Amino acid sequence: MDFAARRDALVDRLTEREDLDAATEAAMRAVPREAFVPEDVRDRAYQDTPLAIGEGQTISAPHMVAIMTDLLALEPGMDVLEIGTGCGYHAAVTAEVVGAEGVASVEYHERLADSARATLEAEGYGDVSVRVGDGKAGWPAQAPFDRAYLTCAASKLPTDVVEQVRPGGVVLAPVGDDSQRLVRATRRADGSLEREDHGGVRFVPL
């Protein structure tokens, strides 16, 4: 199965449809999604759909990972907090842009965290930091961050996560319970947030 060709074909479609930034496009082409999904669904790695990864969690659809990467406006050398490591795929895409040492990820499920660490290491992203914990608390010891994003839906932006982002930094998250919206919030110098709504989404809950 030619995963590289499938990956390129998918990213070609996403780039045309979503007008992806060059850095996002390059990251999506670089990360082998097939390495991060369970073996029994590996043949579906390049369908543009979420896939189950266990513990009631999913790997996001490629288009959503690409859109979120674009909205974060990542740059090399940034420090980024991810809430919800899952299988590690989204962290790897982020690492392709900012550098693996700049990514800190929090996962609630120990089994998923262990598996993600192993896959990230095997695929060359071993400098991504992963810890097990409550994502709502962020990662105080690694703060402050330039960017933070959630790969799971919160009823509101977690206060601790917001406060761990530098002034001028960005928090991106699916927000809502039954009805979720993708919210991009820029933290002002006084700690308040400038919010943008980027449409309806559907994520597993935080």
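Let me begin with strand β6, residues 145-150, where 6 of the 6 residues are buried, so this strand is largely enclosed by the rest of the structure. I should say straight away that what we have in front of us is a predicted model, and I would ask you to hear everything that follows in that light.

What does β6 pair with? On one side of the account there is strand β3, residues 80-83, which is joined to β6 by 4 bridges, the two strands running parallel; within that pairing, I83 stands opposite L150 in β6. Then there is strand β7, residues 165-175, which also runs parallel to β6 and is joined to it by 4 bridges, and here R147 is the residue that stands opposite V170 in β7.

From the strands I would like to move to the pockets. Rolling a probe the size of a water molecule over the atoms shows where empty space is left. In this model the largest pocket holds about 350 Å³ of space. Its lining is made up of 28 residues, and those that lie nearest the centre are Q57, G84, E107, T151 and C152. If we ask which elements give two or more residues to that lining, they are β2 (57-59), β3, α4 (89-98) and β4 (103-107), so to speak of β3 again is to return to the strand that runs parallel to β6. The largest share of the lining, 3 residues, comes from β2. Sorted by class, the lining of the largest pocket has 12 nonpolar, 12 polar and 4 charged residues.

The second largest pocket has a volume of about 170 Å³. It is lined by 14 residues, and the ones closest to its centre are A153, A154, S155, D177 and L206. By class, the lining of this second largest pocket divides into 6 nonpolar, 4 polar and 4 charged residues.

Helix α4, which I mentioned as a contributor to the largest pocket, deserves a moment of its own. How many of its residues are buried? The helix is mostly covered, with 9 of its 10 residues buried, and those buried residues are Y89, H90, A91, A92, V93, T94, A95, V97 and V98. Just after the helix comes G99, which takes a positive phi of about 105°.

Y89 of this helix also takes part in an aromatic contact, and the count of aromatic pairs in the model comes to 2. In one of them, the ring centres of F3 and Y46 are 6.3 Å apart and the planes meet at 55°, so that pair is tilted. F3 sits in helix α1 and Y46 in the loop between α2 and β1 (51-54), so many as 43 residues apart along the chain. F3 counts as buried at 18% relative accessibility, and Y46 is buried as well, with a relative accessible area of 8%. F36 and Y89 form an aromatic pair that is edge-to-face, at 6.0 Å centre to centre and with 65° between the planes. Because F36 lies in the loop between α2 and β1 while Y89 lies in helix α4, this pair ties together parts that are 53 residues apart in sequence. Both F36 and Y89 are buried.Finally, the charged side chains. Side chains of opposite charge can pair when their charged atoms come close. The count of salt bridges here comes to 13. One of them joins D8 and R29, with the closest N and O atoms 3.2 Å apart, and this pair links distant parts of the chain, D8 being in helix α1 (residues 3-18) and R29 in helix α2 (residues 22-30), 21 residues apart. D8 counts as partly exposed at 33% relative accessibility, and R29 counts as partly exposed at 24%. These two residues also belong to a network of salt bridges that links D8, D12, E25 and R29.

Another salt bridge is that of R17 and E18, at 3.0 Å from N to O; R17 counts as exposed, at 52% relative accessibility, whereas E18 counts as partly exposed, at 27%. Between D134 and K136 the closest N and O atoms of the salt bridge are 3.4 Å apart, with D134 partly exposed at 37% relative accessibility and K136 partly exposed at 44%.

Methods
Residues are numbered from 1 along each chain as its sequence is written. This is a predicted model: local features need pLDDT of at least 70, side-chain atom pairs count only at pLDDT 80 or more; totals for chains, interfaces and linings use all residues. Side-chain values use heavy atoms; hydrogens and water are left out. Buried means under 20% relative accessible area, exposed over 50%, partly exposed in between (1.4 Å probe, protein chains only). Two strands pair if DSSP finds at least two bridges between them. On a 1 Å grid over the protein atoms alone, a cavity is a set of points where a 1.4 Å probe fits but cannot get out, and a pocket is an open set with protein on both sides within 12 Å along at least five of seven lines; lining residues have an atom within 4 Å of a point. Grid points are joined across faces, edges and corners, and a volume is the space filled by probe spheres set on the points. Ala, Val, Leu, Ile, Met, Phe, Trp, Tyr, Cys and Pro count as nonpolar, Asp, Glu, Lys and Arg as charged, and the others, Gly among them, as polar. A salt bridge is a side-chain nitrogen of Lys or Arg within 4 Å of a carboxyl oxygen of Asp or Glu. Rings of Phe, Tyr and Trp (its six-membered ring) pair if their centres lie within 6.5 Å; planes under 30 degrees apart count as stacked, over 60 as edge-to-face and the rest as tilted.
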